Amino acid sequence: LLLVFAYGVTLPTIEANKARELRLAINEVLKAPARYDTLYVVNGALVETPPAGTDARELEQLYLGYDRANRRIGFALVAGEAGFQDVIRLIFGYDPRTRQLLGMRVLESKETPGLGDKIEKDQRFIGQFAGVQTPIVGVKGDKKSPRDVVMITGATISSRAVIRIINNALERLGPLVDAYRREAR
């Protein structure tokens, strides 16, 4: 009973911290947009308002960023899949006009400390995602293409997982993003 009480008391604080962390991540991967809108995936389309009676927290969400002139700068997408240890959850910014990523940040990971956790700590690895063309290709050694991301030695599985998560999210959500982008013209 005490655990249930403690959970109930701390839940609002936990949720507020997660929301703050998400806001910071959106700002990071969209390169400090002037503002952003939350979009919801409903019946294979992006909508600005969830259907009546639907809990918005249960719908998949994307974030559309705007610059100071109110021009779209890109979408922030949250995605997650299995890594080496557990699920890796990340957010990335994507510009559908150029088919390039704007940035990437790991939100949650339980990858091996000192190796797999480099996907969130190694700035050289993280920095490669800004400007990379999609679909992304993981490589060992040197980049030879604008699609290449050099994987982390000793953390190949975790590196591949990050690339796979982004590519799978764009394969699934890219058509919705493209359709939404065309609607605004």
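In the charge count used here, Lys and Arg are taken as positive and Asp and Glu as negative, while His and the chain ends are left out. Counted that way, the protein carries 27 positive and 22 negative charges, and the mean positions of the two sets are 5 Å apart. Please keep in mind as you read that this is a predicted model.

## The overall picture

Let's start with the fold as a whole. The protein contains four helices and eight strands. Read from the N terminus, the order of these elements is α-β-β-β-β-β-β-α-α-β-β-α. The radius of gyration is 17 Å, close to the 16 Å that the globule rule gives for 185 residues, so the protein is as compact as a globular protein of that length. The C-alpha trace spans about 50 × 50 × 30 Å along its principal axes.

A few totals fill in this view. Buried residues make up 40% of the 185 in the protein. The exposed surface comes to about 10500 Å², and carbon and sulfur atoms supply 54% of that area. Among contacts with a separation of 6 or more, 53% are between residues 24 or more positions apart.

## Strand β3 and its partners

Strand β3 is a good place to look next. It covers residues 61-66, and five of its six residues are buried, so the strand is largely enclosed by the rest of the structure.

Which strands pair with β3? One partner is strand β1 (residues 35-42), which runs antiparallel to β3 and is joined to it by six bridges. In this pairing, Tyr36 stands opposite Gly65 of β3. Strand β4 (residues 72-82) also pairs with β3 in the antiparallel sense, here over five bridges. On that side, Tyr63 faces Ala76 of β4 across the pair.

β3 and β4 together form a hairpin, with five residues between them. Asn70 sits in the loop that links these two strands, and this brings us to the backbone.

## Backbone points worth a look

Asn70 has a positive phi of about 65° even though it is not a glycine. Its relative accessible area is 46%, which makes Asn70 partly exposed.

Arg99 is another non-glycine residue with a positive phi, in this case about 60°. Arg99 lies in the loop between β5 (87-95) and β6 (100-108). With a relative accessible area of 33%, Arg99 is partly exposed.

Where is there a cis peptide bond? The bond from Thr134 to Pro135 is cis, with omega near -5°. Pro135 belongs to the loop between α3 (123-127) and β7 (137-139).

## Helix α4 and what it touches

Helix α4 takes in residues 156-183, and Asn167 is one of them. Leaving out residues up to four places away in sequence, Asn167 touches Pro135 and Ile136. The proline at the cis bond from Thr134 is therefore a contact of this helix residue, as heavy atoms within 4.5 Å count as a contact. Is Asn167 buried or exposed? Its relative accessibility is 18%, and Asn167 counts as buried, because the cut-off for buried is under 20%.

Ser158 also lies in helix α4. At 3% relative accessibility, Ser158 counts as buried. Which residues does Ser158 touch, not counting those up to four places away in sequence? They are Phe84, Ile88, Glu111, Gly116 and Ile119.

Gly138 lies in strand β7. Apart from neighbours within four places in sequence, Gly138 is in contact with Val149, Met151 and Ile163. Gly138 and Thr156 are 18 residues apart in sequence, and their C-alpha atoms are 9.1 Å apart in space.

## Accessibility at a glance

Here are the residues discussed above, with their relative accessibility and class.

| Residue | Relative accessibility | Class |
|---|---|---|
| Ser158 | Ser158: 3% | Ser158: buried |
| Asn167 | Asn167: 18% | Asn167: buried |
| Gly138 | Gly138: 31% | Gly138: partly exposed |
| Arg99 | Arg99: 33% | Arg99: partly exposed |
| Asn70 | Asn70: 46% | Asn70: partly exposed |

Technical notes: Residues are numbered from 1 along each chain as its sequence is written. This is a predicted model: local features need pLDDT of at least 70, side-chain atom pairs count only at pLDDT 80 or more; totals for chains, interfaces and linings use all residues. Side-chain values use heavy atoms; hydrogens and water are left out. The radius of gyration is taken over C-alpha atoms; the globule rule is 2.2 Å times the number of residues to the power 0.38. Buried means under 20% relative accessible area, exposed over 50%, partly exposed in between (1.4 Å probe, protein chains only). Accessible areas come from the Shrake-Rupley method with a 1.4 Å probe; for residues, only the protein chains shown count as cover. The place of a charge is taken as NZ of Lys, CZ of Arg, CG of Asp or CD of Glu. Two strands pair if DSSP finds at least two bridges between them.
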